[in-house]
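Let's take a walk through this one together. Have the sequence and the 3D view open side by side as you read.

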Amino acid sequence: MEHATAFNSLVLFDQLEAWDNAHGNGQSWAAQAWLGGDINRLWLRSEGQREDQHLRDWSLDALYGHAISPWWDVVAGVRHDNDGNSPGLTRAAIGVQGLAPYKFEFSATAYIGGARKAELTVETEYDMLLTNRLILQPALEASIAADDDPHRGVGSGLGHVEAGLRLRYEITRRFAPYVGFVHERRFGRTASLHRDAGDDVRDS
């Protein structure tokens with residue numbers, strides 16, 4: 001099989017949403033882009049949120065991706081995080097991403113360096129086609145840190161789990177408004193750090 005030599009690109013805003021709860025309202029995003037061929041690509045991934053007119057909790061990954069099978073890439077590069085309060089954190093990143101059996105989209109990325117020493121983030125989501133245009137998407141994200149980072153409210157062990165359910169309607173393949181519900185919870189040392197700061201450990 002011959003692979004195409006031409007470079008291609010894609011920019012995707014997977015989530016672009018506004019939310020409202022007991023603590024206020026805000027906006028959030030999750031986006032990715034790639035540039036390259038079938039085997040080697042430059043990946044950019046970003047997510048974050050804006051709350052009470054202030055940008056907070058955002059991240060940007062710049063990664064080199066190499067295909068190891070038709071469905072899986074190995075990625076490596078750097079990540080920069082900023083929570084709006086503490087100084088920014090830049091770390092090395094290495095991971096895998098792709099399509100698991102039964103068409104689950106999956107990514108697992110380890111971030112190395114900084115006060116946490118190492119941190120693993122795992123994300124998965126699945127598209128359930130109710131019709132050709134109406135799609136229900138459950139999603140799950142979890143993070144595990146190797147060490148405490150109290151300035152950023154992160155403790156060692158399992159620290160953060162977010163589960164979401166979004167229902168979208170694809171007006172076209174490029175544009176799909178959606179509604180959803182997201183529940184977020186902190187565990188272990190991370191939960192203790194947030195309690196000590198007077199913050200809630202769960203939110204919806």
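What follows goes from the inside, through some paired strands, and out to the surface.

Keep in mind that you're looking at a predicted model. A good place to start is the largest nonpolar core, a set of six residues: Trp34, Trp43, Leu63, Val75, Ala93 and Tyr111. Pick out Trp43 from that group. Setting aside neighbours within four places in sequence, Trp43 touches a whole list of residues, including its fellow core members Trp34, Leu63 and Val75. Polar residues turn up on that contact list too, among them Gln32, Asp61, Asp73 and Gln97.

Now for the strands. Strand β4 covers residues 54–69 and β5 covers residues 72–82; the two run antiparallel, joined by eleven bridges. With two residues between them, β4 and β5 make a hairpin. To get your bearings, find Leu63, the core residue from before, and look across to Gly77 in β5, which stands opposite.

Next, follow β5 onward to β6, residues 89–100. This pair is antiparallel as well, with ten bridges, and Val74 sits opposite Val96 in β6. β5 and β6 also form a hairpin, this time with six residues between them. Check Gly84 in that turn: its phi is positive, at about 85°.

Finally, step outside. Phe7, Leu35, Leu42, Leu44 and Leu60 make up a nonpolar patch on the surface, together offering about 480 Å² of accessible area. One of these, Leu35, belongs to strand β2, which spans residues 24–36. Is Leu35 buried or exposed? Its relative accessible area is 44%, so Leu35 counts as partly exposed, falling between the 20% and 50% cut-offs.

Terms used:
Residues numbered from 1 in each chain as written. Predicted model: local features only at pLDDT ≥ 70, side-chain atom pairs only at ≥ 80, totals over all residues. Heavy atoms only, no water. Core = buried A, V, L, I, M, F, W, Y, C linked by side-chain atoms within 4.5 Å. Buried < 20%, exposed > 50% of the residue type's maximum accessible area, 1.4 Å probe, protein only. Contact = heavy atoms within 4.5 Å. Pairing = 2+ DSSP bridges. Helix = DSSP H or I, 4+ residues; strand = E, 2+ residues; numbered from the N terminus. Patch = residues over 30% accessible without salt bridge, like charges linked within 9 Å, V, L, I, M, F, W, Y side chains within 5 Å. Areas by Shrake-Rupley, 256 points an atom, 1.4 Å probe, with all protein chains shown as cover. Salt bridge = Lys/Arg side-chain N within 4 Å of Asp/Glu carboxyl O.
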